[in-house]
Amino acid sequence: MNRTIPLILAVALFMENMDSTVIATSLPAIAVDIQTSPVALKLALTAYLVSLAVFIPISGWMADRFGAKTVFRAAIAVFIVGSVACAVSNSLPAFVISRFVQGIGGAMMTPVGRLVLVRATPKSELVAAMSWLSIPALVGPLVGPPVGGFITTYLTWHWIFLINVPIGLIGIWLATRFLPETESARTPPLDFTGFVLSGLAASGIVFGLSVVSLPALPPIAGFLTVAVGLISAALYLLHARRAKNPLLALELFRNQVFRSSVLGGGLFRIGIGAVPFLLPLMFQIGFGLTPFQSGMITFVAAIGAIGMKFVTALIFRVAGFRRVLISGSLIAAASIAINGLFTPDTPYLLILAALLAGGFIRSMFFTGINALAYAEISAADTSRATPIAAVFQQLSIALGVALAGGVLEVSTTIRGGPLTLADFHIAFFIVAAVSAAASASFIRLAPDAGNAVSGHGGLTAGKALEVSPPGS
């Protein structure tokens, strides 16, 4: 397998993942500086994810129309501009808008990069390719918390966004130098009606759920926004049935394997989306740690995630997708719930061990569902499947942030006081229960689902799945 392409494409994932973890670690400090609350700042996290959900649907069409290489480089440039805007923001609205601009770039970077990889990789090597794509991307969460915590504690939070400028410029140069040229293809006209309706649906639901209990806005504003999103979603379903070339090809959900991967993975990601938001806040508000101390603890999960990438392909080849995903979703949900048992008296070695183990199992789970989504999708449908998978992925993470913030807000409202450690414990238990429910989607899979990709059952294709040690 040619590892050059996935490693170059992973530059985009590196920036996105590092950015998210840095912001989560620095939320309290940013909130103080721009005179708002850490919970209200979840709007900045949500704005980024909403932007992804709005613009990801057109990523496949853009890649076909203008060439994947061109779109990939332009997306990195937009992400850089949004990063600089975040660094100079001095108010909550400005910060939220800047994060939205970043999301426009991210909406094109990751899906287009994944599309290039899927098209260039035989299915028998897809699990291994996804692992190589993810390893550099996971360096972001590894260095994000300690770097972000160090900068926030000893310098100023504004500098955490400027890290993206040199990284992005290097990514543009690498893409220009090494990625193969991709010419534009003849594409049908853009489904503009579908783009508007899907964008309203995604942004309305996620944004409405995020603001429904914020003190700055009346609750009715959140409920009305959610209603607009639900109505838009219903209208899109009607539109997609009649449109000749709908923006999101929902007929792909007739495939049981694709449906289980997208819906089950989406349900699980609700819990995963909440963890980077809850954990740093709990350590800083509930434990009284500094951002740097918090970051030095949370980054351990990324070490586990990186370590698992070297054996993931072998695990799926031996046990198959169905068994691994059912057990993996339940164990990973338990690793989220255990965060709700941590107190300042818990030995830090025990906390680090729990986070490390959680990183292992979640990494394996995500590699599996990402590869399973394409297990029974034809090469001609990859550009249609990629935006759908990416939209549900980002929408789920955004819902996770909204759910976690909502639980904290409701809990503090009921008690009539500021955030306490007990509020975070309740939030962790709730989001873990949501993630555990994802196992129901994988129970319906056939025992041989995805065997052509995993190599389970003695298929010769499985021999190609073994991941070589780094540098080989």
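Select Pro418 to begin: with a relative accessibility of 65%, Pro418 counts as exposed, and because the cut-off for that class is over 50%, the assignment follows directly from the value. The model on screen is a predicted one, and every value on this tour is computed from it.

Keep Pro418 selected and show the chain on either side, where you will see that Pro418 belongs to the loop joining helix H17 (382-415) and helix H18 (421-436). If neighbours within four places in sequence are left aside, Pro418 is in contact with Thr412 and Asp423. For a reference distance, pick the C-alpha atom of Leu408, which is 10 residues from Pro418 along the chain and separated from the C-alpha of Pro418 by 9.8 Å.

Next, add the side chains of Arg415 and Asp423, the latter being one of the contacts of Pro418 just mentioned. These two side chains form a salt bridge, with N to O at 2.5 Å, and a search of the whole structure finds one salt bridge. What is the burial class of each partner? Arg415 counts as partly exposed, at 40% relative accessibility, whereas Asp423 is buried, with a relative accessible area of 1%.

Now hide the side chains and display the whole protein as a cartoon. The secondary structure comes to 20 helices and zero strands. Of the 472 residues in the protein, 58% are buried, and the exposed surface amounts to about 18200 Å², of which carbon and sulfur atoms supply 70%. Among contacts with a separation of 6 or more, 85% are between residues 24 or more positions apart.

From this overview, select helix H4 (residues 68-87) together with helix H8 (residues 164-178), whose axes come within 9 Å and cross at roughly 170 degrees. H4 is therefore roughly antiparallel to H8. On the H4 side, the residues making the contact include Phe72, Ile76, Phe79, Ile80 and Val84, and on the H8 side they include Val165, Gly168, Leu169, Ile172 and Ala175. Colouring the contact residues by type gives 10 nonpolar, five polar and two charged; Lys69 and Arg73 are also among the residues that H4 brings to the contact.

Move on to helix H10 (residues 219-242) and pick out Ile231, which lies in it. Is Ile231 buried or exposed? At 53% relative accessibility, Ile231 counts as exposed. A distance drawn from the C-alpha of Ile231 to that of Ile205 spans 9.8 Å, for two residues that are 26 apart in sequence.

Then select Ser260, whose place is in helix H11 (residues 256-286). Ser260 is buried, with a relative accessible area of 3%. To see what surrounds this serine, show Gly265, Ser441, Phe442 and Leu445, which Ser260 touches when residues up to four places away in sequence are not counted.

The last stop is Asn451, found in helix H20 (residues 451-454). Asn451 has a relative accessibility of 12% and counts as buried, because that class covers values under 20%. Finally, add Gly320 to the selection: Asn451 and Gly320 are 131 residues apart in sequence, yet their C-alpha atoms are 6.8 Å apart in space.

Note on methods. Residues are numbered from 1 along each chain as its sequence is written. This is a predicted model: local features need pLDDT of at least 70, side-chain atom pairs count only at pLDDT 80 or more; totals for chains, interfaces and linings use all residues. Side-chain values use heavy atoms; hydrogens and water are left out. Helices (H or I, at least four residues) and strands (E, at least two) are DSSP runs, numbered from the N terminus. Buried means under 20% relative accessible area, exposed over 50%, partly exposed in between (1.4 Å probe, protein chains only). Contact means heavy atoms within 4.5 Å. Accessible areas come from the Shrake-Rupley method with a 1.4 Å probe; for residues, only the protein chains shown count as cover. Axes are lines fitted to C-alpha atoms, for helices over the stretch in contact, and angles run from 0 to 180 degrees between N-to-C directions. Angles under 35 degrees count as roughly parallel, over 145 as roughly antiparallel, 65 to 115 as roughly perpendicular and the rest as oblique. Ala, Val, Leu, Ile, Met, Phe, Trp, Tyr, Cys and Pro count as nonpolar, Asp, Glu, Lys and Arg as charged, and the others, Gly among them, as polar. A salt bridge is a side-chain nitrogen of Lys or Arg within 4 Å of a carboxyl oxygen of Asp or Glu.
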